[in-house]
Amino acid sequence: MSAKRLNLFPITADVNRHDHLVLGGCDCAALLRKYGSPLYVFDEATIRSQCQEYMHEFKSRYRDTTAAYASKAFINKAVAQIIKEEGMGLDTVSGGEINVARAVGFDPVKVFFHGNNKSEAELNMALDWGLGRIVVDNLHELELLNRLAAGRKIKANILLRLNPGVDPHTHKHTTTGILDSKFGFPIGTGQAEEAVKKALLLKNIVLHGLHFHLGSPISETAPYKQGLEVVLKFAAAMKAKHSFTMKELSPGGGFAVRYISSAEIPPVSSYADSIVSNLIALTSKLGLPKPRLIIEPGRSIIARSGVAIYTVGSIKDIPSVRTYVCVDGGMGDNIRPALYEAKYEALLANKVNARNTRKITIAGRYCESGDILIRDIAMPEVTAGDLVAIPVCGAYCVPMSSNYNMVPHPAIVMVSAGRSRIIRRRQKYSDLMKYDISGKS
Ligand code: LLP
């Protein structure tokens, strides 16, 4: 088996003598027999190694770094437990994510809370649980948080989310750093300065530092440099004008991963090099103290660990036009191709070494023409019952899944050292009606 063929798959990926894909020491065909189809398989070793790589690459260059996993990429109790064991922080954006952290006994001080429209109930939850930092996005939130903290006679620990006006060249749905965005206080309009002034005045707010997040996935390092330049210049101006000391700084997350073999993505070390060297050079130049650096990788921690495995059913061949190979999942469990025109590769998990002989289109099972997982991919002969494995499905597939067409969510298993364990059971039809009150009018 050429290692190249498996290079997008988890680090434990292998092929056995039956020509089956093996993940974490488990035969994927056997996993599907045991847990059903479709199936999301997560490789524990890959998650841990990504956590360690991020912490190593940043901390070895800049000791005062906190790496907080952006849980929106995919969180459940099993993943939160691994992140906790690896000693990372956790970036959350909702009461739901905060509750998963609580359920596994995550240290609240290591939890960051983001969001452009946090509810009063969520802010109360954050204050009551003593979350490390609330990343305040707008004036409404700043005032509300001050009031809620005053009611408890405590101080809320915050960062301000700024909008530096930098384009990271990502899909427009995932670009956040440009001026015309719902996120953060724009620096260019003077609104960021107003926010700093206000935060310094409010009695129940402690402003620890500044935050920006440009978008996702960012496959260049230059936008981080540009963002740092804008935000650090702003920090220096705020120091001079309002005696504000920036003790903490976050350039967010957004680090890219390779979804297809031909993509050129900087290694983690390049992102770390660029961010750290620019941070050190610019703070020295501007006479700023060295802040604690907070990074928020989500996709790059979890994406490669996850593989979606589907079973082929119907095959529709339209002579001289296209062959649609239909699988038992699709946009309900992976909306990314439909939403962002995201590109994926695939192989047959039960015939890994079979030679590619034709071009096919892998279509989902949902009632929508846009439900195409991969258009025009070279594959071997495919027949009903074959298993299609799509790598790099660990991030933003499961958490963005829906029950469109009343199709239950697939099961999720974690594999490690030849063992598999279910970390989220497959939904049942009864789950889909669980919240319906009554069929009667
Ligand atoms: N920090 C903040 C403030 C964010 O908004 C995000 C992602 C991250 C960190 C983590 O970014 P990452 O390292 O995972 O790229 N659903 C889209 C991605 C949306 C990202 C939203 N914010 C997708 O499937 O590509």
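## A buried salt bridge

Let's start with E141, which pairs up with K118 in a salt bridge whose closest N and O atoms sit 2.7 Å apart. The two come from distant parts of the chain, 23 residues apart: E141 belongs to helix α6 (residues 139-151), while K118 is in the loop between β7 (111-113) and α5 (120-129). E141 is buried, at 3% relative accessible area, and K118 counts as buried too, at 5%. Keep in mind that this is a predicted model.

## Other salt bridges

The structure holds 19 salt bridges. In one of them, D376 of strand β18 (residues 372-379) meets R322 of strand β15 (residues 322-327), 54 residues apart, with 2.7 Å between the closest N and O atoms. Here D376 is partly exposed at 41%, and R322 is partly exposed at 23%.

Then there's E44 with R48, at 2.9 Å between the closest N and O atoms. They are four residues apart in helix α2 (residues 44-59), so about one helical turn separates them. Both are buried, and both belong to a salt-bridge network with E85, E86 and R421.

## Where the domains meet

The domain assignment splits the chain into domain 1 (3-36 + 305-432) and domain 2 (45-298). Their C-alpha centres lie 33 Å apart, and they bury about 2,000 Å² between them, 61% of it on carbon and sulfur atoms. I11, Y340 and Y396 supply 23% of the area domain 1 buries against domain 2, more than any other three residues.

What about polar links? Between the domains there are zero salt bridges, but four residue pairs are in polar contact. On the domain 1 side, the touching residues break down into 14 nonpolar, four polar and five charged.

Definitions and conventions: Residues are numbered from 1 along each chain as its sequence is written. This is a predicted model: local features need pLDDT of at least 70, side-chain atom pairs count only at pLDDT 80 or more; totals for chains, interfaces and linings use all residues. Side-chain values use heavy atoms; hydrogens and water are left out. Domain bounds come from an automatic or database domain assignment. Buried area is the accessible area (1.4 Å probe) that two parts lose on being put together, summed over both. A salt bridge is a side-chain nitrogen of Lys or Arg within 4 Å of a carboxyl oxygen of Asp or Glu. A polar contact is a pair of N or O atoms within 3.5 Å; within protein, one must be able to donate a hydrogen and the other to accept it, and residues adjacent in sequence count only if both atoms are side-chain atoms. Ala, Val, Leu, Ile, Met, Phe, Trp, Tyr, Cys and Pro count as nonpolar, Asp, Glu, Lys and Arg as charged, and the others, Gly among them, as polar. Buried means under 20% relative accessible area, exposed over 50%, partly exposed in between (1.4 Å probe, protein chains only).
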